[in-house]
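Hi everyone, thanks for coming. I'll walk you through one protein today, so have a look at it first and then we'll go through it together.

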Amino acid sequence: LYVWTEKAYVANNAKRPGRNHGEFWLRSRGSNSQVQSTWLYMEPIFSSEDIVKQMPEEGAKFMQVDAAFSELMALVVDRPAVIPVARNEDHLEQLVRCNKLLDEVQRGLASYLEKKRLFFPRFFFLSNDEMLEVRPP
């Protein structure tokens, strides 16, 4: 439903002056969705002090994303009208930066889990999510 509505919005605005804002809104929404889904996956992982101690660089990057994303979401709550917020190019740039940082954090997390697998070969049979749930006794 959202995809159809967004495409219809862009198609209808393509005939009007200032038509670029529809495409810009779609890019902004796509970036927000991508950052939001990755942030939702990473937030419980990096809320663990143990993980942050073992991965301080990735923990610091995630904290930067957390602060920026929380600030942006607070702005959206204060201004529920989507189009004016989505038109702001600074917000899109902020989302793109957050997305790049989250990619770096994900690569670091994958590397960390790979090292754990090399140290404990039994972990090769576990998914990344299952490995993150394993707690020392």
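**A walk through the helices**

Let's start with Phe125, which sits in the loop between α6 (89–119) and α7 (128–133). A word on the names: helices are DSSP runs of H or I with at least four residues, strands are runs of E with at least two, and both are numbered from the N terminus. Before going on, you should know that this is a predicted model, where local features need pLDDT of at least 70 and side-chain atom pairs count only at pLDDT 80 or more, while totals for chains, interfaces and linings use all residues. Residues are numbered from 1 along each chain as its sequence is written, and side-chain values use heavy atoms, with hydrogens and water left out.

Okay, back to Phe125: buried or exposed? Phe125 counts as exposed, because its relative accessibility is 75%. The cut-offs are under 20% relative accessible area for buried, over 50% for exposed, and partly exposed in between, with a 1.4 Å probe and protein chains only. Phe125 also joins Leu118 and Phe124 in a nonpolar surface patch of about 410 Å². Patch residues have over 30% relative accessible area and no salt bridge; like charges are joined within 9 Å, and nonpolar side chains (Val, Leu, Ile, Met, Phe, Trp, Tyr) within 5 Å. The areas come from the Shrake-Rupley method with a 1.4 Å probe, and for residues only the protein chains shown count as cover.

Now zoom out. The protein has 7 helices and 0 strands, and 32% of its 137 residues count as buried. One residue in α6 is His91, and His91 counts as buried because its relative accessibility is 10%. His91 and Phe69 are 22 residues apart along the chain, and their C-alpha atoms are separated by 9.8 Å.

How do α4 and α6 meet? The axes of α4 (residues 56–78) and α6 come within 9 Å and cross at roughly 150 degrees. So α4 is roughly antiparallel to α6. Angles under 35 degrees count as roughly parallel, over 145 as roughly antiparallel, 65 to 115 as roughly perpendicular, and the rest as oblique. Axes here are lines fitted to C-alpha atoms, for helices over the stretch in contact, and angles run from 0 to 180 degrees between N-to-C directions.

Last stop: salt bridges, meaning a side-chain nitrogen of Lys or Arg within 4 Å of a carboxyl oxygen of Asp or Glu. The structure holds 2 of these salt bridges. Lys61 meets Glu57 at 3.7 Å, N to O, and both lie in α4, 4 residues apart, about one turn of the helix. Lys61 also meets Glu104, at 2.7 Å, N to O. That pair links distant parts of the chain, with Glu104 in α6 and Lys61 in α4, 43 residues apart. Together, Glu57, Lys61 and Glu104 are linked in a network of salt bridges.
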